[in-house]
Amino acid sequence: MVQPRRVHAQHWLKSEQALGSILEAAACHENDRVLEIGPGTGILTRRLLPVVGGLIAVEIDRDLCKLLTKQLGERQNFLLLQGDFLEIDLSFLLNNFPAFQNPNKVVANIPYNITGPIIEKLLGTISNPNPQPYESIVLLIQKEVADRIVAKAGSRAFGALTVRVSYLARCEYICTVPAKAFYPAPKVDSAVVRLTPRPLEVAANDPKYLETLVKLGFSAKRKMLRNNLQTVIERDRMTQILEQLDINPQSRGEDLSVEQWVRLGNELKELSNA
Ligand code: SAH
């Protein structure tokens with residue numbers, strides 16, 4: 001057994017049930033090229049390899065890379081890249097490996113200390129979405145973050161992250177994975193989520209503006225939107241606009257659906273241009 005290192009947020013998954021849920025959610029087949037971030041000792045990697053056309057794994061830990069190369073290096077459909085996923089230019093690196101270019105899916109139990117940045121690198125941002133979106137992204141992450149990603153409007157977990165992620169992808173909560181499914185057990189429970197990138201039905205006319213608005217709108221928690229956005233628009237005018245959009249003027253940021261956020265952004269942007 002390879003001893004996990006805390007610096008790289010290493011927690012080995014050991015639950016057969018959780019592995020099964022991840023694999024089922026990813027529904028991989030032989031035409032898929034899959035990206036795995038943080039293969040660790042390869043528990044998920046070993047299950048993916050027999051079913052996918054190609055598997056690209058990015059692992060930061062040199063010792064684990066040696067181990068994986070020794071154990072799985074012979075597999076024709078396996079490419080292991082040693083490095084920090086957040087730093088590497090994946091498509092540039094893959095230019096050297098034609099059989100592994102343009103992965104279409106992501107399947108991973110990721111390091112939890114960098115969940116936000118990983119999701120942002122995979123999806124891009126509202127104003128700069130990934131130009132080559134993945135077909136699907138199945139991740140094992142902290143339950144608390146999963147709850148925020150899939151939160152419904154009006155719930156406490158709904159926040160800027162909810163808007164940013166669901167603007168870019170359909171988000172599904174697949175299942176909860178208890179802390180004891182890992183060695184060593186993390187402090188928190190985990191969950192499997194599936195993100196399916198797609199354009200939202202209503203598009204932001206000015207994505208950069210929407211991004212700023214969302215940030216401002218959630219800047220002070222539990223505050224009414226018209227108060228949080230006072231720097232952008234005068235309160236009384238804001239009340240009118242919210243009413244016009246069929247939104248309760250006393251709403252807080254978390255009360256608006258993602259679509260309502262986009263409509264509000266479009267409306268306010270138009271006013272600021274007028
Ligand atoms: N997928 C494995 C390991 C999960 S632990 C399992 O399910 O058992 C997280 C893994 O991500 C570890 O192997 C860790 O070394 C790796 N890791 C941490 N930071 C990383 C980074 N920035 N880039 C790539 N891999 C990273």
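Across the interface of domain 1 and domain 2, three residue pairs turn up in polar contact, with both partners at pLDDT 80 or more. That confidence figure is there because this is a predicted model. Salt bridges are another story: the count across the interface of domain 1 and domain 2 is zero. Sorted by class, the face that domain 1 turns to domain 2 holds six nonpolar residues, seven polar ones and just one charged residue.

As for where these two parts sit in the chain, domain 1 covers 6-197 and domain 2 covers 207-273. Their C-alpha centres are 33 Å apart. Contact between the two involves 14 residues of domain 1 and 16 residues of domain 2. Put together, domain 1 and domain 2 bury about 1200 Å², and 70% of that falls on carbon and sulfur atoms. On the domain 1 side, the residues that give up the most area to domain 2 are Ile126, Phe158 and Val163, a trio that accounts for 38% of what that side buries.

Moving on to empty space inside the model, a search of the whole structure comes up with one cavity of 30 Å³ or more. The largest cavity holds about 40 Å³ of space. Its lining is made up of Gly217, Phe218, Ala220, Lys221, Arg222, Lys223, Asn228, Gly253 and Glu254. By class, that lining splits into two nonpolar, three polar and four charged residues.

Note on methods:
Residues are numbered from 1 along each chain as its sequence is written. This is a predicted model: local features need pLDDT of at least 70, side-chain atom pairs count only at pLDDT 80 or more; totals for chains, interfaces and linings use all residues. Side-chain values use heavy atoms; hydrogens and water are left out. Domain bounds come from an automatic or database domain assignment. Contact means heavy atoms within 4.5 Å. Buried area is the accessible area (1.4 Å probe) that two parts lose on being put together, summed over both. A salt bridge is a side-chain nitrogen of Lys or Arg within 4 Å of a carboxyl oxygen of Asp or Glu. A polar contact is a pair of N or O atoms within 3.5 Å; within protein, one must be able to donate a hydrogen and the other to accept it, and residues adjacent in sequence count only if both atoms are side-chain atoms. Ala, Val, Leu, Ile, Met, Phe, Trp, Tyr, Cys and Pro count as nonpolar, Asp, Glu, Lys and Arg as charged, and the others, Gly among them, as polar. On a 1 Å grid over the protein atoms alone, a cavity is a set of points where a 1.4 Å probe fits but cannot get out, and a pocket is an open set with protein on both sides within 12 Å along at least five of seven lines; lining residues have an atom within 4 Å of a point. Grid points are joined across faces, edges and corners, and a volume is the space filled by probe spheres set on the points.
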